[in-house]
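Trainee: Got a few minutes to go through this structure with me? I'd like to put some questions to you while we look at it.
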Amino acid sequence: MDAVVNIEPFSRSPSSRPTPAEMRDRILAKLTYQVGKSPAWASPRDWFLASAFAVRDFVVETWLASGRRSYASEAKRVYYLSLEFLIGRLLQDAIGNLGLAEPVREALLMQGVDLDALCEQEPDAALGNGGLGRLAACFIESMSTLGVNAFGYGIRYEHGLFRQVIDDGVQQELPEDWLSVGNPWEFERQEIAYPIGFGGIVTGHIQHQWHPAERILAVAYDTPVVGGGGLHANTLRLWSARAMTPLHLETFNRGDHEGALRDRVRTESVSRVLYPGDDSASGQELRLRQEYFFASASLQDLLRRHMDQFGTVQTLPDKVAIQLNDTHPAIGIIELMRLLMDEHGVEWDEAWRITTACMSYTNHTLLPEALETWPVPLMERLLPRHMQIIYLLNARHLEHVRAQPGANDEMLAATSLIEEHHGRRVRMGHLAFLGSHAINGVSALHTALIRRSIFHDLDALYGGRISNKTNGITFRRWLHRANPGLTRIITDTIGPAFLTDHEALHGLTAHADDLGLQQSASRQRLANKQKLARVIRERVGITVSSEALFDVQVKRIHEYKRQILNVLHAVALYQAILAEPGRDWVPRVKILAGKAAPGYRVAKQVIRLAHDVAKVINADPAIDGRLKLVFLPNYNVSLAEQIIPAADLSEQVSTAGMEASGTGNMKFALNGALTIGTLDGANVEIRDAVGPDNIFIFGLTAEEVLARRWHGLAAHDQVAASPRLKKATEAIRWGAFSPGEPHRYTSMMDSMIERDTFMVASDFDNYFETQEAVDRLWRDPVRWWRASLLNTAGVGWFSSDRTIAEYANEIWNIPVTLS
Ligand code: 26Q
């Protein structure tokens, strides 16, 4: 059995911590010799780079030691394959995890530089769309914290997720250019490069040989990720595409200089840009190229590492666990089969045993339009050998299906790797299921639903593979760093144990009624809100009162996430205030942020509606500041770090059954915001953790949503039954908020009323009434702050350290104990 590889997550010993003066000397040395500036001429960016290089030295020490330890112990390694890593900034994270905050802050102060301002210089590494990418980032940090030896594998996109600017309510996408200022965290590894083939033909019958028509190089770039306590660092290895030959010599010599470069540009486009859609798998060839490119490079790399150390592929499952983050890397299953059979001479059955023993797959969605399928003709052209293997695999699998008692054509069609309905397509979810020994959903409800729906038949055939691993978040980034004030208050109340042991947060429960503590927490919140109010004023020019209830919904814009419900509430509340201007209304600031996929028309329409409504409400003197609506542009990780600690109310209002888990919900609750939400995703478990009295649950359940769909109910009756909803939708419908173009939202409102696909009309009244309950609690600060503290106290379990420990123990067969 493998040795227990996890380490106690205590901090670095004080002896290894530099003094402020030492730290200053290190930073000055970097500024001088690496950045090439003298202090008098150094810009904020220069100071950032110098500090990052100085801190990086400490990370590298831990990193190299971790590498040596990992090699010597022969411990099993985890390979986390993800097309997205939504890292955000790294400097603060590295400083915090290494325990260097004090010396670095003081070192910079000696030079008259403010650490917080300097951290703002760092561009976000936005190599992901949203939840799935951010989860990968939290996981790799937690694996480092727990001392699990791991590599994160992904793509080094030259351009991450687009920058969102809003032009008169309309989202525009600008290219993101995070590498243009230089990346102090990465190490280019020219020598670690693998050829990746595309196209061509396959020869041979027993021993097959693929002769690709085209080969490109995958070059490694390594970023060390240090864990909490600073004792272990793992590698994030991102692949960059490079042409095998820098330019086409023959063409160049003919005098066609541009033509000679054209191939290179085409080749290197594979790692050029992140696909910005998180909603539909549209089947673009470049996307399939990206998936195969990084899956193949990662598998070649880990196989080479294993062969160098152990000399045989037979032991691969003892030493290697490969986690597929959704189906995006699922072609890796076939690539591993190909490498084992065609390059290492392993026969089919043995190759399949090894492959399935190594692979496991996390599903993040039930939405049919988000399930990946690839057209067979495209796969045959781009990956002919892989398609052969898929056919053979499917033949064996269908044979197994046919052998089942009561097998029929319907069952064969439902479980086949090839979908035959809309042109023949390869089902990547089915492939990921077949090729993995473990499949997991990301919340209890989501896992129950995948068992019942998309994987029902496969589960019946290959039972026992599905389990739940409820998502988590790293508290180090999302509480300790994002909300140092609250962190200090908690430390003063229950001591520092919770900093390394998330369950120790439960200790706060006993203090939830302590009025002094409540007051400290509310003062800290006010300070966070004042800071956010400044950001709001600077970015969008709207002045908001920090005394108002901050009601926040930040996430990708999606119909199922129902930002529209929130905007409808704003409209209904606006109308209610106008109708009774003398009433004692609870002042509210509604804050929205999030990006829409560039091709998602309805989502962009929602952004525009929010802006149109905001313009009217914010300018109406009759409202007198009692309601404001703010849309903050360009939501990203670092903006999230500023918004979440300033939230009083967290909006988690997806149509029940549609949000796989959510992770923003956990971040808000940890920071003491109360949730208004549906019984969807991890909200269900958050309710259980914080207690039903400390969360505002409303709306249809997943079961009820299914039932309504089944009966094909339109929303007419709901709208008719709700004067409030009727008044709000009518106003929008007739252009009250878009006088220049009165019918801008007519069809949007009609569709909601006619089809109500996302149950907005069905849930509206209950939502509005629940918001009134929020107001009632807000008027009672003692009860509100009690509930807030009980949220923070209750959600310790949602630490990604806990999630990773579950993956390690139950899927990867790597024993891990939490402190
Ligand atoms: C697929 C094919 C082609 C192009 C793009 C994609 C693609 C890219 C990203 C499909 C989906 C995504 C992202 C999905 C995602 O972020 N899902 C979220 O995952 C979180 C972590 O598990 C959950 O908390 C959220 O509920 C889920 O929506």
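Mentor: Sure, and keep in mind that this is a predicted model. A pair to begin with: glutamate 651 stands opposite isoleucine 676 in S23.

Trainee: Which strands are pairing there, and in what sense?

Mentor: Strand S22, residues 649-652, pairs with strand S23, residues 674-677, in the parallel sense over four bridges.

Trainee: What's the strand order in the open sheet of six?

Mentor: The order is S21-S20-S19-S22-S23-S24, and the pairing is parallel. At the edges you have strand S21 (627-632) and strand S24 (696-697), each of which pairs on one side only.

Trainee: I was looking at glutamine 553. Where does it sit?

Mentor: Glutamine 553 is in strand S19, residues 549-554.

Trainee: Buried or exposed?

Mentor: Glutamine 553 has 1% relative accessibility, so it counts as buried, the cut-off being under 20%.

Trainee: And what does the side chain of glutamine 553 reach?

Mentor: It gets to the backbone oxygen of lysine 561, at 3.4 Å. Leaving out residues up to four places away in sequence, glutamine 553 also touches others, including Asn566, Ile591, Leu592 and Glu651. That's the Glu651 we met opposite isoleucine 676.

Trainee: Changing topic: which residues are closest to the ligand?

Mentor: Leu132, His364, Asn471, Glu659 and Gly662 are the closest, out of 19 residues that surround the ligand.

Trainee: What kinds of residues make up that shell?

Mentor: Six are nonpolar, eight polar and five charged. Helix H6, residues 131-145, gives the most to the shell, with three residues.

Trainee: Which polar distances should I look at?

Mentor: Take glutamate 659: an N or O atom in its side chain is 2.6 Å from an oxygen atom of the ligand. Then there are two backbone cases. A backbone N or O atom of serine 661 is 3.0 Å from a ligand oxygen, and for a backbone N or O atom of glycine 662 the distance to a ligand oxygen is 2.8 Å.

Trainee: How much of the ligand does the protein bury?

Mentor: The protein buries 92% of the 610 Å² that the ligand exposes when taken alone.

Trainee: OK, backbone oddities now. What's up with the phi of aspartate 624?

Mentor: Phi there is near 55 degrees, a positive value in a residue other than glycine. Most residues other than glycine have a negative phi. Asparagine 634 isn't a glycine either, and its phi is positive at about 55 degrees.

Trainee: Where are those two?

Mentor: Aspartate 624 is in the loop between helix H23 (601-619) and S21, while asparagine 634 is in the loop between S21 and helix H24 (637-643).

Trainee: And is each one buried or exposed?

Mentor: Aspartate 624 is exposed, at 60% relative accessible area, whereas asparagine 634 is buried, at 18%.

Trainee: Last one. What about the three-stranded open sheet?

Mentor: The order there is S14-S16-S15, with antiparallel pairing. Strand S14 (373-375) and strand S15 (418-419) each have a single partner strand, so one side of each is left without a neighbour in the sheet.

Trainee: How many bridges join S14 to S16?

Mentor: Three, with S16 covering residues 425-427. If you want a pair to click on, threonine 373 stands opposite arginine 427 in S16.

How values were computed:
Residues are numbered from 1 along each chain as its sequence is written. This is a predicted model: local features need pLDDT of at least 70, side-chain atom pairs count only at pLDDT 80 or more; totals for chains, interfaces and linings use all residues. Side-chain values use heavy atoms; hydrogens and water are left out. Two strands pair if DSSP finds at least two bridges between them. Helices (H or I, at least four residues) and strands (E, at least two) are DSSP runs, numbered from the N terminus. A residue is near a molecule or strand if one of its heavy atoms lies within 4 Å of it. A polar contact is a pair of N or O atoms within 3.5 Å; within protein, one must be able to donate a hydrogen and the other to accept it, and residues adjacent in sequence count only if both atoms are side-chain atoms. Accessible areas come from the Shrake-Rupley method with a 1.4 Å probe; for residues, only the protein chains shown count as cover. Ala, Val, Leu, Ile, Met, Phe, Trp, Tyr, Cys and Pro count as nonpolar, Asp, Glu, Lys and Arg as charged, and the others, Gly among them, as polar. Buried means under 20% relative accessible area, exposed over 50%, partly exposed in between (1.4 Å probe, protein chains only). Contact means heavy atoms within 4.5 Å.
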